[in-house]
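Got your viewer open? Load the model, switch to a cartoon view, and let's walk through it stop by stop.

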Amino acid sequence: MKTPWVGVWSLVACGSLFSQTTVRPLTAASKPEPGLELAVTWKWWVVPPEVKEWGMPLPESLRPKPAGDPAPEPTVVRPETYEVSKGDAIIKIARKFEMEAWQLKQFNNLKDDRIQIGQVLRIPSPGQLLTMVPPPPPPEKEVASQKKSNKAIIIEEPAPDLDPGGEIQQELDNVRMQVFLDREMFSPGMIDGKEGPAFLKVREIYQKSRPDAANSASLKAKAEAAVKEPYTRYALRADDFKFIRPPKAEPVVVPDKGSASARKKNPKPDIPAPPPLTIDDLVGADFLGYGSAWEFVAERFHCDEEFLHHINPQLKDAPVVGTDFQVPNVIPFEIEKALDAPLQPAADPQKPITAAVVLVSRLEISRDGQLIAVMPLRSARPGLYGRDKWTVLDAIPQPRMATKREPREPPKSAPATKGVVNPDAGPGIAQPLEKEQYLAPGPNNPVGVIWINLAKSGGIVPLPYGLHGTGIPAKMASLQSIGGFRLTNWDITRAARLMPAGTVLQWKKE
């Protein structure tokens, strides 16, 4: 069933909505998403994109060269083997592939440093390096050293423990399990190698729904069999920069014209911080792309930027085409293909799809009564939740958000006292606009890359609150925004491809 798209709605037009939803007043603890401080008080609605082009034009320096120009050098890929040549040594080969000599020897079962020209050595992957345990320190021994006829006894210190408390191994195990659950469509949220509450909860749900993983040992065995390597590699491509906003020009620093003594005390002039984003900055953009290559790669591989930096400490400069990242070994969120049609499947009466929002914290999707997907979900506004049953309608790719800057709720009124400002009156209400303004499509649109319309049970008229993505996956539980019920961009894309129009969505407390 394909439902018609309804372009504009408001809370007034959907008065009957309140029988199934509750919207609580905003609280001081609810901090808005940057740039939306006033926008969260306005009415917004979703509209389709103006054009079908997905992304931004590539910078001139990254566009394909005309025929006859020399081809760019191919990206260096880490090989699986290496043939020893003249002049090679174990330590040189190890440094070449960013590892320790003992790791190269251990991986190839070498007892010493002797190698021969033509010998083929196996090169461990970054993930395999993380699983390797340093050899035990040699036993204490005396080494005779003759110097000026005097003997000195040197006692070798035991090698330091490179993984005190097993923290590295624990992080690796957690990443493997998070990657496994993510591949199974039981999303732990952003992969970070930590045992956070979302990860522990989805692991528990998976175990309850899968008899072959009911206990910790069977779950671990299943994860290790499915995910041989917790990490893989990704090299930035030129086309990736269609979705990454080019960096702004550095601010011009005005030299300090103070006294010589003042300049001596403070030789480096203060560089003003860039001004925070405003709603006018956002509505003036043609495409709301990623702010950096780090953000692009993190979302592509379902992790936090902070964690991506953590596992790539060797990357110091701004990433460019060819920059090679270590990344979680998930099925990547390929934004260039994420919106390929059809977004939603056809309904299968033999294997009906149902869905549930549980505690406004996760979306659960079932096929023929069997749980097939779990994804973290959060409300974009404090106190917003549903009741009973709703219906999933159509999915809108590349959604834009429109507003006339009309207040979502009428301003509070109170008797005015001369010279006293009413503290409960709320922010000043600007004059509404005559024409709509739009937030452009893109991964950093507050409602992400896809919006899924929702209706009252059995209805076809969209409600003001849909399921959608988010441009702030790391903070979707803590920052207020516009929209309805948000998932990460990679999860909303997977959810749309699982739920046909007409899917029943139930609201549950647990």
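Before the first stop, one term: two strands count as paired if DSSP finds at least two bridges between them. Keep in mind, too, that this is a predicted model.

**Stop 1: the nine-stranded sheet.** With that term in hand, look for the open sheet of 9 strands, which has the order 12-11-10-22-15-18-19-21-13 and mixed pairing. Select residues 370-376 and 378-379 to find its edges: these are strand 12 and strand 13, and each of them pairs on one side only.

**Stop 2: strand 15.** Now select residues 389-397, which make up strand 15. Is this strand enclosed or open to the outside? Of its 9 residues, 7 are buried, so strand 15 is largely enclosed by the rest of the structure. Add residues 504-508 to the selection and you have strand 22, which pairs with strand 15 in the antiparallel sense over 3 bridges. Click on W390 to see one end of a bridge; its partner in strand 22 is L505. Next, add residues 450-456, which are strand 18; here strand 15 pairs in the antiparallel sense over 6 bridges. One place to look is I396, whose bridge partner in strand 18 is W451.

**Stop 3: a residue in strand 18.** Stay on strand 18 and pick out N453, which has its place there. How accessible is N453, buried or exposed? N453 has a relative accessible area of 0%; the cut-off for buried is under 20%, so N453 counts as buried. Show side chains, and you'll find a polar contact of 2.9 Å between N453 and W451. That's the W451 you just saw as the bridge partner of I396.

**Stop 4: strand 10 and the helices on the sheet.** Back to strand 22, this time with residues 353-358 selected as well: this is strand 10, joined to strand 22 by 5 bridges, and the two run parallel. Among the residues to click is A356, with Q506 as its bridge partner in strand 22. Now bring in helix 5, which packs on the sheet and touches strand 11 (362-367) and strand 12; its direction makes about 180° with that of strand 12. Then select residues 489-496 for helix 11, which packs on the sheet too. Helix 11 touches strands 11, 12, 15, 18 and 19, and its direction makes about 55° with that of strand 18.

**Stop 5: two helices crossing.** Select residues 167-183 (helix 4) along with 197-209 (helix 5): they pack at an angle of about 55°, with their axes 11 Å apart. That angle makes helix 4 oblique to helix 5. Which residues make the contact? On helix 4 they are N174, M177, Q178, F180 and L181; on helix 5 they are F199, V202, R203 and Y206. The crossing of the two helices is left-handed.

**Stop 6: H310.** Jump to residues 305-310, helix 10, and click on H310. H310 is partly exposed, with a relative accessible area of 44%. Its side chain and that of E171 are joined by a polar contact of 3.0 Å. Show D192 as well: 118 residues separate it from H310 in sequence, yet their C-alpha atoms are 9.4 Å apart in space.

**Stop 7: the three-stranded sheet.** To finish, find the open sheet of 3 strands in the order 3-16-17, with antiparallel pairing. Strand 3 (45-47) and strand 17 (437-439) each have a single partner strand, so one side of each is left without a neighbour in the sheet. Select residues 400-403 for strand 16, which 3 bridges join to strand 17. A last click: A402, with Y438 as its bridge partner in strand 17.

How values were computed
Residues are numbered from 1 along each chain as its sequence is written. This is a predicted model: local features need pLDDT of at least 70, side-chain atom pairs count only at pLDDT 80 or more; totals for chains, interfaces and linings use all residues. Side-chain values use heavy atoms; hydrogens and water are left out. Buried means under 20% relative accessible area, exposed over 50%, partly exposed in between (1.4 Å probe, protein chains only). Helices (H or I, at least four residues) and strands (E, at least two) are DSSP runs, numbered from the N terminus. A polar contact is a pair of N or O atoms within 3.5 Å; within protein, one must be able to donate a hydrogen and the other to accept it, and residues adjacent in sequence count only if both atoms are side-chain atoms. Axes are lines fitted to C-alpha atoms, for helices over the stretch in contact, and angles run from 0 to 180 degrees between N-to-C directions. Angles under 35 degrees count as roughly parallel, over 145 as roughly antiparallel, 65 to 115 as roughly perpendicular and the rest as oblique. A crossing is left-handed if the near helix is turned anticlockwise from the far one by less than a right angle, and right-handed if clockwise. Contact means heavy atoms within 4.5 Å.
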